[in-house]
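Colleague: Hi! Could you walk me through this model before I head back to the bench?

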Amino acid sequence: MKFENYMTIDFPSKSSNEAFARSAVACFASQMDPTLEELGDIRTAVSEAVTNCIVHAYPDALGTITLRCRILKDNTLDIIIKDRGVGISDLEQARKPMFTTGGSDRSGMGFTIMESFMTSFSVQSVAGKGTTVHMRRKLLRRK
Amino acid sequence: MHLTSYLQEGTLTIALTGEIDHHCAKEYVKTITSKIEAYAPGICVLDFQDVSFMDSSGIAVVINAYRTMAKCGGTLYVSGLKAQPMRVFRASGIDKLINIKEAVNEI
């Protein structure tokens, strides 16, 4: 086994689930003894990824978001957030800071924040099939 | 979403509370815009003292307030940022655009 623990949750793309998703991951990660800053970064990145699914992947109807977390042996939290929505046709453009196809209540900073708050970050998307965000955060072991 | 606001000597202070995410951002943008437009203050302070969490939706709320204040010819300040919201401010770069103060009484 390459992992210490894992969990998977499926939930509908309702905006009330943004708070649920980031809290669920924070609860799961708490067994890794994270610092407040690490926990804050993880909650923020999860909030961004889940919001993207709700706003962009399923713009007109509810769809399912799958959230999978694993704790790897080197005290790394591995997170996958997956949707089967519309997909992103131009990933390079989507990842640019300040770029958004959303309204004035969106800042276009989601991908930038995920990238800067996590140790590694990648996104795969197929138009019409969906998007998968894969990110990891290595936590410092406290003595 | 819950906020309180008061106007004193041309300064409109708006205190935000709780967690700011996409779920409540639209309502915040709408309410803050209408308050600024109603009072057209010279100074508007967004007080983040009681904001325990925000993601990039909070950035959109601040940028919208900044633009609305600029249209009225006023200045926007943000005060009382806790560590987590401050990290989001820094990662997005808007800490270079917006006047940030530690506390409301510094303005």
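Modeller: Happy to; here is a chat about the chains, the core and a few odd residues.
This is a predicted model, where local features need pLDDT of at least 70, side-chain atom pairs count only at pLDDT 80 or more, and totals for chains, interfaces and linings use all residues. Residues are numbered from 1 along each chain as its sequence is written, while chains are lettered from A and ligands numbered from 1 in the order in which they are written.

Colleague: Great. How many helices and strands does chain A have?
Modeller: Chain A has 4 helices and 5 strands, in the order β-α-α-β-β-α-α-β-β from the N terminus. Helices (H or I, at least four residues) and strands (E, at least two) are DSSP runs, numbered from the N terminus.

Colleague: And what radius of gyration does chain A have?
Modeller: It is 15 Å for chain A, which agrees with the value near 15 Å for a compact globule of 143 residues. That radius is taken over C-alpha atoms, and the globule rule is 2.2 Å times the number of residues to the power 0.38. The C-alpha trace of chain A spans about 45 × 30 × 25 Å along its principal axes.

Colleague: What percentage of chain A is buried?
Modeller: Buried residues are 38% of the 143 in chain A. A residue is buried if 20 or more other C-beta atoms lie within 10 Å of its own, exposed if 12 or fewer, and partly exposed in between, with C-beta atoms placed from the backbone.

Colleague: Let's go to the core. Which residues have the most contacts inside the largest one?
Modeller: Ala45(A), Val61(B) and Ala65(B), in a nonpolar core of 58 residues. Helix α2 (residues 36–57) of chain A gives the largest share of this core, 10 residues. Such a core is a set of buried Ala, Val, Leu, Ile, Met, Phe, Trp, Tyr and Cys residues joined through C-beta atoms within 7 Å.

Colleague: What is Ala45(A) in contact with?
Modeller: Beyond neighbours within four places in sequence, Ala45(A) contacts Ile113(A), Met114(A), Phe117(A), Met118(A) and Met135(A). Contact means that the C-beta atoms of two residues, placed from the backbone, lie within 7 Å.

Colleague: Over to chain B. Is its α2 enclosed or open?
Modeller: Largely enclosed by the rest of the structure, because 12 of the 16 residues of α2(B) are buried. Val61(B) and Ala65(B) are among them. This helix (residues 56–71) reaches 23 Å from first C-alpha to last, close to the 22 Å expected at 1.5 Å a residue; the expected span is 1.5 Å times one less than the number of residues.

Colleague: How many residues of each chain are in the contact between A and B?
Modeller: Chain B puts in 21 residues and chain A 23. On the chain B side, α1 (22–39), α2 and α3 (83–92) each supply at least two residues.

Colleague: Any odd backbone angles? Where is Met98(A)?
Modeller: Met98(A) is in the loop between α3 (91–94) and α4 (110–117) of chain A, and its phi is positive, about 75°, although it is not a glycine. Met98(A) counts as exposed, with 12 other C-beta atoms within 10 Å.

Colleague: And what is the phi of Ala40(B)?
Modeller: It is near 40°, again positive in a residue other than glycine. Ala40(B) lies in the loop between α1 and β3 (43–54) of chain B, and is partly exposed, with 15 other C-beta atoms within 10 Å.
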